[in-house]
Amino acid sequence: MVSRKHKRTAMYKNLQLLRSITNSHAHSKTSIILDASKYIEDLKRKIDVMNQKFVVAQDSDAQASLPQVRVEAQEKGFLIEVFNKRSCCGLLVFVLEAFEELGLDVLQARVSCSDNFHLEAMGAKVNEGDDEVDAQVVKEAVLEAIKNWSEISEK
């Protein structure tokens with residue numbers, strides 16, 4: 001008999017604790033448990049939203065860490081500028097290979113790779129008889145080179 005009373009008292013205390021944690025105003029056991037269930041579902045939903053925001057933030061950080069590219073058509077070729085706030089070991093090789101694949105000669109270049117990565121290059125078409133290359137094609141080739149470099153450097 002005493003055991004039942006202790007169990008009932010313990011159950012009542014636990015229900016009151018559950019009621020206070022979930023901010024429930026219910027009085028019956030069933031209502032308190034239903035409120036707690038809703039509270040748990042709400043917490044799960046909030047966690048899912050936070051996880052989604054976290055993934056989006058990570059993706060935007062990853063995008064922000066990729067170098068910025070600017071290509072401008074000039075009279076005798078293209079002015080290509082690649083900039084990143086951090087040093088990018090090996091990126092220069094990938095960019096120069098992209099130039100080579102496009103048939104661009106590097107006429108002049110300035111590169112800094114110490115604290116950040118900054119490339120300014122003037123590129124011109126080697127053979128005038130080849131397919132015409134515009135600034136957008138050059139930019140896409142450099143972005144593809146950056147993507148390839150990024151995939152390899154992550155490993």
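**Reading a sheet, its helices and their shared core**

Modeller: Let us start with a local feature of this predicted model, namely the hairpin that β3 and β4 form with 4 residues between them.

Biologist: In what sense do strand β3 and β4 pair, and over how many bridges?

Modeller: Strand β3, residues 104-112, pairs with β4 in the antiparallel sense over 8 bridges, and one place to look is Q108, whose bridge partner in β4 is M122.

Biologist: Which strand does β4 join through 7 bridges, and how do the two run?

Modeller: Those 7 bridges join β4 to β2, and the two strands run antiparallel. Two residues help to fix the register by eye: I80 has A121 of β4 as its bridge partner, while F78 stands opposite G123 in β4.

Biologist: In what order do the 4 strands lie in the open sheet?

Modeller: The general idea is to follow the pairings from strand to strand, and here the order is β1-β2-β4-β3, with antiparallel pairing. The edge strands are β1 and β3, each of which pairs on one side only, and neighbouring strands are turned against each other by 15° on average, with direction ignored.

Biologist: Is A73, placed in strand β1, buried or exposed?

Modeller: For a single residue one reads the relative accessible area, and because that of A73 is 53%, above the 50% cut-off, A73 is exposed. Leaving aside neighbours within four places in sequence, A73 is nevertheless in contact with F78 and A135. A separation in space can also be set beside a separation along the chain: A73 and V133 are 60 residues apart in sequence, and their C-alpha atoms are separated by 10.0 Å.

Biologist: Turning to the helices, what span does α4 reach from its first C-alpha to its last?

Modeller: The span is read against what is expected at 1.5 Å a residue; α4, with 20 residues, reaches 28 Å, close to the expected 28 Å. This helix lies across β1, β2 and β3, and its direction is at about 155° to β1.

Biologist: Which residues of α4 are buried, and what covers them?

Modeller: The buried residues of α4 are V138, A141, V142, A145, I146, W149 and S150, and their cover includes β1, β2, α3 and β3.

Biologist: How do the axes of α3 and α4 cross?

Modeller: For a helix pair one reads the approach of the axes, the angle and the hand: the axes of α3 and α4 come within 9 Å and cross at roughly 140°, and α3 passes α4 in a right-handed crossing. Among the residues making the contact are L91, F94, V95 and F99 of α3, together with V138, V142, I146 and W149 of α4.

Biologist: How many residues has the largest nonpolar core, and which have the most contacts inside it?

Modeller: The largest nonpolar core has 22 residues, and those with the most contacts inside it are F78, I80, V82, L91, F99, V138 and V142. At least two residues of this core are supplied by each of β1 (68-74), β2 (77-84), α3 (91-102), β4 (117-125) and α4 (135-154), and the largest share, 6 residues, comes from α4.

Biologist: Which residues does V142 touch, not counting residues up to four places away in sequence?

Modeller: V142 touches V69, I80, V82, V95 and F99, and of these I80, V82 and F99 are themselves listed with V142 among the residues with the most contacts inside the core. I80 can thus be viewed from two sides, as the bridge partner of A121 in β4 and as a residue that V142 touches.

Notes:
Residues are numbered from 1 along each chain as its sequence is written. This is a predicted model: local features need pLDDT of at least 70, side-chain atom pairs count only at pLDDT 80 or more; totals for chains, interfaces and linings use all residues. Side-chain values use heavy atoms; hydrogens and water are left out. A nonpolar core is a set of buried Ala, Val, Leu, Ile, Met, Phe, Trp, Tyr and Cys residues joined through side-chain atoms within 4.5 Å. Buried means under 20% relative accessible area, exposed over 50%, partly exposed in between (1.4 Å probe, protein chains only). Contact means heavy atoms within 4.5 Å. Two strands pair if DSSP finds at least two bridges between them. The expected span of a helix is 1.5 Å times one less than its number of residues. Axes are lines fitted to C-alpha atoms, for helices over the stretch in contact, and angles run from 0 to 180 degrees between N-to-C directions. A crossing is left-handed if the near helix is turned anticlockwise from the far one by less than a right angle, and right-handed if clockwise.
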